[in-house]
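Here is a short tour of one protein chain. It starts with the open spaces and ends with single residues.

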Amino acid sequence: MTSIQSKLDELASQNDNRTSVFDIQIQGTQNGTLALRGRLLDESQLEILSHHFRELKLDTTSIQILRRSDLPRMHIGTNLTGLYERPTFGMPLLSELHYGTELEILDEQGHWVFTRQKDGYLGWAYKPYLEQGFAAKATHRLIAPSYELWAQPDVTSEIITRIFSGTSIVMEETDGKWAKVRANKTGWIPSSLLRALSDKPESIEEKRKMLIEDAKRMIGVPYLWGGTSGNGIDCSGFVRLLHRWVGVDVPRDADMQHAAANPIEPPFEVGDLFFFAESESKRKITHVGLSLGGWKMIHSSRGRNGVYIDDVQERQSLKEIYVSAGSFLR
């Protein structure tokens, strides 16, 4: 029995809790049958159990399979909220969710729901901040760190709410230099702060030019572990946001970005990514920055508390932990 539990623990340790669930315990044994209980993300993981315990007869009826075809769908109904490892605001942020983010609801506990995003990223969200179904199809995104929504196309009118960088919204009408938009609330915003989702740069040169412009908009935004917006942002959230603004999807975390990017060598060009590893972390890659050409990069730095520009070769603390470079543009 101890060896069986040790194997289950080993399998659990190999699981990435950000994108998968493997929480299995021994329920008991009877007449040569090993009964297991717990939770798995999908049915394919039952095959893993069968493979590792093929000499035993398994009873898996007490294992909850979280992903099913009939799962309810919801979307974020507030302007910005957190994603957490456990169902409590007392945990550090895993990530943040903008208005309109679509979620599969895998499980529920009190006021919290265990969710899966389109890219497979998992976590707990506060259900009162969610709405049923899908948000209206977006037409534009905000490309400023954050900005107020006004009751009228006039800065002397009432402020209704604030929306954050990367938020997808619906443009309803325009009035001069103003646009009436719908997100978690409806209001007016300068149209110069919006980018149409259809206005994606096609060539790599256009993408690079836009990346530089967009990156510099975020200078001075403070560092926030798990942050993804102008409210505070971490290194991988910053890189992901910049790519999203030019129509390129990348994974959420720095080590995931490292694994998915195309490896590259010098000379480095605008939009290339630099990956770093800090010794105190269990993850192979812990930091990422975006090249502005050569070794100069812009990144959300915990050491500098926010988005700033550094030269990797001139800053010793970065040079010592540099690992490699990659790109989603080439």
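## Pockets and a cavity

The largest pocket holds about 1,300 Å³ of space. It is lined by 47 residues, and R18, E85, L94, W225 and R283 are the closest to its centre. Seen by element, two or more lining residues come from each of β1 (22-30), β6 (93-98), β9 (122-126), α4 (235-245), α5 (254-260), β23 (296-301) and α6 (316-319).

This is a predicted model, where local features need pLDDT of at least 70, side-chain atom pairs count only at pLDDT 80 or more, and totals for chains, interfaces and linings use all residues. Residues are numbered from 1 along each chain as its sequence is written, and side-chain values use heavy atoms, with hydrogens and water left out.

Some terms come next. Spaces are found on a 1 Å grid over the protein atoms alone: in a cavity a 1.4 Å probe fits but cannot get out, while a pocket is an open set of points with protein on both sides within 12 Å along at least five of seven lines. A lining residue has an atom within 4 Å of a point. Grid points are joined across faces, edges and corners, and a volume is the space filled by probe spheres set on the points. Helices (H or I, at least four residues) and strands (E, at least two) are DSSP runs, numbered from the N terminus.

The second largest pocket holds about 980 Å³. Its lining has 32 residues, with T101, K118, R141, S168 and R244 the closest to the centre. Here β6, β14 (168-175) and α4 are the elements that give two or more residues.

What about closed spaces: how many cavities of 30 Å³ or more does a search of the whole structure find? The search finds one. Its volume is about 80 Å³. R141, I143, R195, A196, L197, D199, K200, R244, W245 and G247 line this cavity. Both β17 (194-196) and α4 supply at least two of these lining residues.

The table sorts each lining by class. Ala, Val, Leu, Ile, Met, Phe, Trp, Tyr, Cys and Pro count as nonpolar, Asp, Glu, Lys and Arg as charged, and the others, Gly among them, as polar.

| Space | Nonpolar | Polar | Charged |
|---|---|---|---|
| Largest pocket | 18 residues | 14 residues | 15 residues |
| Second largest pocket | twelve residues | nine residues | eleven residues |
| Largest cavity | four residues | one residue | five residues |

## The chain as a whole

Now step back. The chain has six helices and 25 strands. Its C-alpha trace spans about 80 × 45 × 35 Å along the principal axes. Of its 330 residues, 48% are buried. Buried means under 20% relative accessible area, exposed means over 50%, and partly exposed lies in between (1.4 Å probe, protein chains only).

Contacts (heavy atoms within 4.5 Å) also link distant parts of the sequence. Among contacts between residues at least 6 apart in sequence, 55% join residues at least 24 apart.

## The nonpolar core

A nonpolar core is a set of buried Ala, Val, Leu, Ile, Met, Phe, Trp, Tyr and Cys residues joined through side-chain atoms within 4.5 Å. Which residues touch the most other members of the largest core? They are M218 and F238, in a core of 28 residues. At least two core residues come from each of α3 (204-217), α4, β21 (273-276) and β22 (287-291). Helix α4 gives the largest share, six residues.

Leaving out residues up to four places away in sequence, M218 touches P145, S165, S229, G230, I233, F238, L241, W245 and V307.

## Three residues up close

S168 lies in strand β14. Its relative accessible area is 15%, so S168 is buried. The S168 side chain makes a polar contact of 3.3 Å with the side chain of R141. A polar contact is a pair of N or O atoms within 3.5 Å; within protein, one must be able to donate a hydrogen and the other to accept it, and residues adjacent in sequence count only if both atoms are side-chain atoms. Beyond four places in sequence, S168 touches Y99, A138, H140, R141 and R244.

H140 sits in strand β11 (residues 140-142). Is H140 buried or exposed? H140 counts as buried because its relative accessibility is 13%. Its side chain joins that of T139 in a polar contact of 2.7 Å.

K180 belongs to strand β15 (residues 178-182). K180 has 25% relative accessibility, so it counts as partly exposed. K180 and P190 are ten residues apart in sequence, and 8.8 Å apart in space, C-alpha to C-alpha.
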